[in-house]
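I opened this notebook page to record what I looked up, with the sequence and the fold side by side. The entries follow the order in which I searched.

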Amino acid sequence: MNNDKKIRTIVLIALFTALTITGTMIKIPLPTGAFIHFGNAVVLLAVLLTGYWQGSLAGGLGFFIFDMLNGYANEAPYFLLESFVVGAAAYLGFMLFKKQPKAVWQIVVIGIMAGIAKFIMSVIKATVMSMIAGAQLRPAFFAALATMPATVINIFSTIIIVSLVYFPLRKAMQTIFHNQPMSSKRL
């Protein structure tokens, strides 16, 4: 990788890290203590626009930094890991369309794949946390499911946002980077 590409990669990771932090700070609190935010949409866009490793790293770092700065330090490592799992699901969907989705419905499919991974990871996390607190597996699992409305709302808002902005952002990035297709350079 030449210096220009290295610098571009570092800048894009830093940009999407900062955007993930910012998107997560824009939050709508729920009575459960959870909140709806836009960080997940930024992570999905990062994966689709920069590639799996760069996008997942940017999202993971963004969530990690947000958690460290906002009293969620105990959850920071989990969200770093989750970004790579959800990013992998999204990238699998992206590859399904040969890294060149051409229609909004394809972005919706990719978003659904990422959303399923996010939901599964969230249920696993909540179940394990309840079990650490002393609950048995079955009650912990059902308690975890009861906490998922915020996750489901985040998933749907992510799909809607990414469906609306992916194509204009892809075009802008291609223009910025001298009309080079972004996807041909991804891992």
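**Charges over rings.** I count a charge as sitting over a ring if NZ of Lys or CZ of Arg is within 6 Å of the ring centre and within 35 degrees of the ring normal. By that rule I found Lys27 over the face of Phe35, at 4.8 Å from the ring centre, and Arg8 over the face of Phe177, at 4.7 Å from the ring centre.

**What I am working with.** I note that this is a predicted model, in which local features need pLDDT of at least 70 and side-chain atom pairs count only at pLDDT 80 or more, while totals for chains, interfaces and linings use all residues. Residues are numbered from 1 along each chain as its sequence is written, and side-chain values use heavy atoms, with hydrogens and water left out.

**Aromatic pairs.** I searched the whole structure and obtained 13 aromatic pairs. For this search, rings of Phe, Tyr and Trp (its six-membered ring) pair if their centres lie within 6.5 Å, and planes under 30 degrees apart count as stacked, over 60 as edge-to-face and the rest as tilted. I then looked at Phe35 and Tyr72, whose ring centres are 6.3 Å apart and whose planes stand at 50°, so this pair is tilted. Which parts of the chain does the pair of Phe35 and Tyr72 tie together? Phe35 lies in strand E2 (residues 35-37) and Tyr72 in the loop between helix H3 (52-69) and helix H4 (76-96), so the pair links parts that are 37 residues apart in sequence. Here helices (H or I, at least four residues) and strands (E, at least two) are DSSP runs, numbered from the N terminus.

I also checked accessibility, taking buried as under 20% relative accessible area, exposed as over 50% and partly exposed as in between (1.4 Å probe, protein chains only). Phe35 counts as buried because its relative accessibility is 16%, whereas Tyr72, at 25%, counts as partly exposed.

Next I turned to Tyr91 and Phe94, which form a tilted aromatic pair with 5.8 Å from centre to centre and 45° between the planes. These two residues are three apart in helix H4, so about one helical turn separates Tyr91 from Phe94. Both Tyr91 and Phe94 are buried, and they belong to one aromatic cluster together with Tyr52, Trp53 and Phe84.

**Gly87 in the H4 helix.** I looked up Gly87, which lies in helix H4 and is buried, with a relative accessible area of 2%. Leaving aside residues up to four places away in sequence, Gly87 touches Val47, Tyr52, Ser56 and Glu82, where contact means heavy atoms within 4.5 Å. Its C-alpha atom is 9.6 Å from that of Gly60, although the two glycines are 27 residues apart in sequence.

**Helix H2 against helix H7.** How do helix H2 and helix H7 pack, in terms of angle and axis distance? Helix H2 (residues 39-50) and helix H7 (residues 149-176) pack at an angle of about 35° with their axes 8 Å apart, where axes are lines fitted to C-alpha atoms, for helices over the stretch in contact, and angles run from 0 to 180 degrees between N-to-C directions. On the H2 side the contact residues include Leu44, Leu45 and Leu48, and on the H7 side they include Ile161, Val165 and Leu169. By class, I noted 11 nonpolar, four polar and one charged residues in the contact of H2 with H7; Ala, Val, Leu, Ile, Met, Phe, Trp, Tyr, Cys and Pro count as nonpolar, Asp, Glu, Lys and Arg as charged, and the others, Gly among them, as polar.

**Two more residues of H7.** Ala150 is placed in helix H7 and counts as buried at 6% relative accessibility. Not counting residues up to four places away in sequence, Ala150 touches Leu30, Ala34 and Phe35, which brings me back to the ring that has Lys27 over its face. Phe167, also placed in helix H7, touches Pro101, Lys102, Ala103, Val104 and Ile107 under the same sequence exclusion.

**The loop after H4.** I checked Lys98, placed in the loop between H4 and helix H5 (104-132), and found a positive phi of about 55° although Lys98 is not a glycine. Lys98 counts as exposed at 70% relative accessibility. Lys99, placed in the loop between H4 and H5, has a positive phi of about 60° and is not a glycine either.
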